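This report describes the charged side-chain pairs and the enclosed empty space of one protein chain. The sequence and structure are shown below.

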Amino acid sequence: MEFEQMKVQLHALISNKTLLQATISQPRQKSSDLKRVKLKPVEIRGEYMIQLEYQYERILKHENITLEDLPAKLDTLFEQFRQVHAEFQEQTVQVQLSKKNKVLWKSDKNTTAKQVNLSHNRKKQYLLDDSRVHPFLVRLGVQSEDGKIKKQKYDKFKQINRFVEFIDDSLAHLPKDKTIRILDFGSGKSYLTFALYHYLKIEKGLDIHVTGLDLKKEVIEECNRIAADLQYEDLQFLVGDINDFNEETAVDMVVTLHACDVATDMALARAVKWGAKVILSVPCCQHELNRQLQAPALSIMTQHGLVKERFAALATDSIRAELLSLVGYDTQLLEFIDMENTPKNILIRAYFTGKKPSSEQRLKYDEFVRFLNAKPFLENELQNLLPQ
């Protein structure tokens, strides 16, 4: 099959509106930040469209295009990638391209025909199915005993599911040959802690032990009662601070939500020193850089208190992400709708890979913090682990 013929045939298959999902991958340039592009059909205001999810090294971007615009988009994508895996209702197609665009096309019939129902695309398909009863959601007052999500709690239900999506994405990075140790620092009322436990233990059947830490004794006592009622034997809640928690020498996943100012940095530093494979952190109240910030070139922005505060918060999270990358983590900053519906909705997601940073990466980091006159608390905490 010729290269141009392949593109025409692939477009024709997608235009038949039988696409379930597709992934375009294997970048032609190893240095490319764009790692893969996923495609799926969506219906937007009654029009059939293809949604593209661009998966970069550290961020995700989305674009919706019409079938008319698809050929031009495929031209662009095949300039960047050499592999396609596409699943249609009745067949699966695998395409491999050589450096000179020689085409290897393989097609297999699906033994079980699948249907695309675009009307369902309008309804979010949650990992925690809203048509099933989840005992922990009932106990927490999010779901009624007959399985209906309470109207006033539906936003909470969506937020919990968003968090579960991040947990699901992290599964491949967790150990499979031992009990997975998970620590949730600043667990509060623990909606997300219970969701994490339920999804990993009940839904996925993993061998886990989860500890929630918080400074509020009354909240911890109530969470322990709920855990006992649900017979969540491998979930415990303790009163304490992450820096005083010395029961473990190693933790596989650290979750920290809304820890104020440098408390987030303390949690991140402790996670790194524990050798955590997965870190999920939603920071809050980033005051440290706001106090330190002295960058005359930015005075047009920083003369306005509100703008300075928001810039400092974004810069702080960027610094945190870069520091984690410098000590061997694949780190992304992602949008997360937090539990309090505040503008502070950036989630730091870090997976440990052990990848060594380049000297140029360290130089860029040093240049950035010098420009801001920043002395990050997290940098000081990780000083012995950072490349020189």
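## Salt bridges in the model

The structure, which is a predicted model, holds 16 salt bridges. Side chains of opposite charge can pair when their charged atoms come close. Three of the pairs and one network are described here.

## A pair between helix H5 and a loop

Glu-203 and Arg-132 form a salt bridge whose closest N and O atoms are 3.4 Å apart. Glu-203 belongs to helix H5 (residues 191–203), whereas Arg-132 sits in the loop between strand E7 (103–109) and helix H3 (135–139), so this contact ties together parts that are 71 residues apart in sequence.

Glu-203 has a relative accessibility of 28% and therefore counts as partly exposed. Arg-132 is also partly exposed, its relative accessible area being 39%.

## A pair within helix H4

Asp-155 forms a salt bridge with Lys-158, with 3.6 Å between the closest N and O atoms. Both residues lie in helix H4 (residues 154–169); because they are three residues apart there, about one helical turn separates them.

Are the two partners of this bridge buried or partly exposed? Asp-155 is partly exposed, at a relative accessible area of 44%. Lys-158 likewise counts as partly exposed, with 37% relative accessibility.

## A buried pair between helices H7 and H10

In a further salt bridge, the side chains of Arg-320 and Asp-265 meet at 2.8 Å, N to O. This pair links distant parts of the chain, with Arg-320 in helix H10 (residues 305–326) and Asp-265 in helix H7 (residues 262–274), 55 residues apart.

The relative accessible area of Arg-320 is 1%, so this residue is buried, the limit for that class being under 20%. Asp-265 is buried as well, with a relative accessible area of 3%.

## A network of three residues

Salt bridges also join Glu-4, Lys-7 and Asp-75 in a network. Of these residues, Glu-4 and Lys-7 fall within the range of helix H1 (3–15).

## The largest cavity

Rolling a probe the size of a water molecule over the atoms shows where empty space is left. A search of the whole structure finds two cavities of 30 Å³ or more. The largest cavity has a volume of about 90 Å³. Its lining comprises 13 residues, and those nearest the centre are Glu-288, Thr-316, Ile-319, Pro-376 and Phe-377.

Helix H8 (288–292), H10 and helix H12 (377–381) are the elements that give two or more residues to this lining. Which element gives the most to the lining of the largest cavity? H10 does, with four residues. By residue class, the lining of the largest cavity divides into seven nonpolar, two polar and four charged residues. Helix H10 thus appears in two settings: H10 contains Arg-320 of the bridge to Asp-265, and H10 contributes to the lining of the largest cavity.

## The second largest cavity

The second largest cavity holds about 30 Å³ of space. Leu-10, Ile-14, Leu-19, Ala-22, Ile-24, Leu-39, Val-84, Ala-86 and Phe-88 form its lining. At least two of these lining residues come from each of helix H1 (3–15), strand E1 (19–27) and strand E5 (81–88).

How do the lining residues of the second largest cavity divide into nonpolar, polar and charged? Nine are nonpolar, with no polar and no charged residue among them. The lining of the largest cavity, in contrast, includes two polar and four charged residues.

Notes
Residues numbered from 1 in each chain as written. Predicted model: local features only at pLDDT ≥ 70, side-chain atom pairs only at ≥ 80, totals over all residues. Heavy atoms only, no water. Salt bridge = Lys/Arg side-chain N within 4 Å of Asp/Glu carboxyl O. Buried < 20%, exposed > 50% of the residue type's maximum accessible area, 1.4 Å probe, protein only. 1 Å grid on protein atoms, 1.4 Å probe; cavity = no way out; pocket = protein on both sides within 12 Å on 5 of 7 lines; lining within 4 Å. Points joined across faces, edges and corners; volume = space filled by probe spheres on them. Nonpolar A, V, L, I, M, F, W, Y, C, P; charged D, E, K, R; others polar.
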